[in-house]
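These are my notebook entries on one chain, written as I went through it. I began with its pockets, then turned to its cores, its overall shape and a few single residues.

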Amino acid sequence: MGARTGCLLGRIRLGFGGDAGIAVPENLSAVTRQGDGTLWLAADELAALDVLRPEGPRAHAYHGHRRIPIASALGLEEDCEIDIEGLDLEGGALWVVGSHSAKRKKPKRKGKQDLARLAEIETDLSRFVLTRIPLENGSLQLDRRAHLSAHDEGAASLIDLLEGDEHLDPFLPREGRVPIPGKDNGFDVEGLAVHDDCVLIGLRGPVLRGWAFVVELAVEPQEGGALSPRRRRKRVYRKHALDLDGLGVRELMIHGDDVLVVAGPTMTLDGAHRVFRWRRDTGRDDTLVQQGDALEPLFDLPMQVGRDRAEGACTFDWFDEGDSMLVVYDAPSEMRRVGEDSVLADVFAL
């Protein structure tokens, strides 16, 4: 099913020149917005967060860039790659999720070595992160973060919680098996939305016979720095299978009582990214969400071959509260660049 092209309201200039020597990230992957307009962003090849502030009310430009490393606070090596794919602000805290995916080496188009590189698959535990970091007076309280992570001995990660799942288990990167990489329709987190104690985790992959998945957890921080999932019947999560026209989940956002879903290709393909409105069932059981009353296609995001891949999105106030959506892009085109330290993000009407 097709959808109309999104109504572009305008563009926002994101200035990254505040910290000396920091260039515009080539791989912006997540964004969320504070009530005062401050933007929190992440690039998926870093273990840090970027902060930008608006130049004034209804500002169309952001500056005052700061970069905040978070690896050490999460018990990781400083030069690791968390592969941050989702950010959200809820309950006075910033939530961060890594991709939890295995990765395959990229061919370098240099001949026989490429076949060998395609056979190399890595599982990096630094990607297995779901973290809640309290935010006070605009500053992250990293010493008070709570996490669902594989790094602490005896701690559970999202992968551990999903072990044995009838749909997802064959795709999980687990010890003792050769995992399916995320970009090969393996397990790959790319969306995060939090409302009260409900955490929605959107999966780019796997997509099964055209159905994409969202995992729902109810969690609460505990003393000692753990996020404790609450058990529902026999397990601690719900699953929602969404009919997104064969696409995977690339981003999630809370919008009133609904969830906005940005969907895009699961594998490394160039293709349309489509925005859906999901009128979420708040019951207790797993759900199969078909298009119709529960799932409405809203519009398509523009795309270019090899450039301007929509990666992160959040609700935005262009005219009124929450009337629009801000989108940031991986691999920005030259037309999206402003000087050496700025890049343009798009704002679409909802």
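**Entry 1, the largest pocket.** I kept in mind that this is a predicted model, and I looked up the largest pocket, for which I noted a volume of about 1,200 Å³. Its lining is made of 41 residues, and those that lie nearest the centre are Arg 104, Lys 106, Lys 183, Arg 204 and Thr 268. I sorted the lining by type and found 24 charged residues, 10 nonpolar and seven polar. I then asked which elements each supply at least two residues of this lining. They are strand E8 (103–104), helix H1 (113–118) and strand E23 (309–316), and E23 gives the largest share, with three residues.

**Entry 2, the second largest pocket.** For the second largest pocket I wrote down a volume of about 510 Å³. It is lined by 27 residues, and Arg 33, Asp 88, Leu 89, Ile 254 and Thr 315 are the closest to its centre. Here the lining divides into 13 nonpolar residues, nine polar and five charged. Among the elements that each supply at least two of the lining residues are strand E2 (28–33), strand E6 (84–90) and strand E13 (188–195), and E23 is also one of them.

**Entry 3, the cores.** Nonpolar side chains in soluble globular proteins tend to be buried together, so I looked for such groups next. The largest nonpolar core has 29 residues, and those with the most contacts inside it include Trp 95, Leu 130, Phe 187, Val 199 and Leu 217. Several elements each supply at least two residues of this core, including helix H2 (158–162), E13, strand E14 (198–205) and strand E15 (211–222). I followed Leu 217 further and, leaving aside neighbours within four places in sequence, found it in contact with, among others, Leu 130, Leu 148, Leu 158, Leu 161 and Val 236. There is also a second, separate core of 23 residues, which includes Trp 40, Leu 76, Leu 140 and Leu 142.

**Entry 4, the whole chain.** I counted the elements listed for the chain, which are two helices and 26 strands. The radius of gyration is 19 Å, which agrees with the value near 20 Å that a compact globule of 350 residues would have. Of the 350 residues, 55% count as buried. Among contacts with a separation of 6 or more, 56% are between residues 24 or more positions apart.

**Entry 5, Val 194.** Is Val 194, in strand E13, buried or exposed? It is buried, because its relative accessible area is 2%, and the cut-off for buried is under 20%. Not counting residues up to four places away in sequence, Val 194 touches Asp 88, Glu 90, Trp 95, Val 199 and Ile 254. I also noted that its C-alpha atom is separated by 8.2 Å from that of Met 253, although the two are 59 residues apart along the chain.

**Entry 6, backbone exceptions.** Most residues other than glycine have a negative phi, and most peptide bonds are trans, so I searched for exceptions. A cis peptide bond, with omega about 5°, joins Gly 205 and Pro 206, and Pro 206 sits in the loop between E14 and E15. Arg 209 is in the loop between E14 and E15 and has a positive phi of about 50°. Asn 137, in the loop between strand E10 (129–136) and strand E11 (139–140), has a positive phi near 50°. Arg 209 counts as exposed because its relative accessibility is 84%, and Asn 137 counts as exposed at 83%.

Notes
Residues numbered from 1 in each chain as written. Predicted model: local features only at pLDDT ≥ 70, side-chain atom pairs only at ≥ 80, totals over all residues. Heavy atoms only, no water. 1 Å grid on protein atoms, 1.4 Å probe; cavity = no way out; pocket = protein on both sides within 12 Å on 5 of 7 lines; lining within 4 Å. Points joined across faces, edges and corners; volume = space filled by probe spheres on them. Helix = DSSP H or I, 4+ residues; strand = E, 2+ residues; numbered from the N terminus. Nonpolar A, V, L, I, M, F, W, Y, C, P; charged D, E, K, R; others polar. Core = buried A, V, L, I, M, F, W, Y, C linked by side-chain atoms within 4.5 Å. Buried < 20%, exposed > 50% of the residue type's maximum accessible area, 1.4 Å probe, protein only. Contact = heavy atoms within 4.5 Å. Rg over C-alpha atoms; globule rule 2.2 N^0.38 Å.
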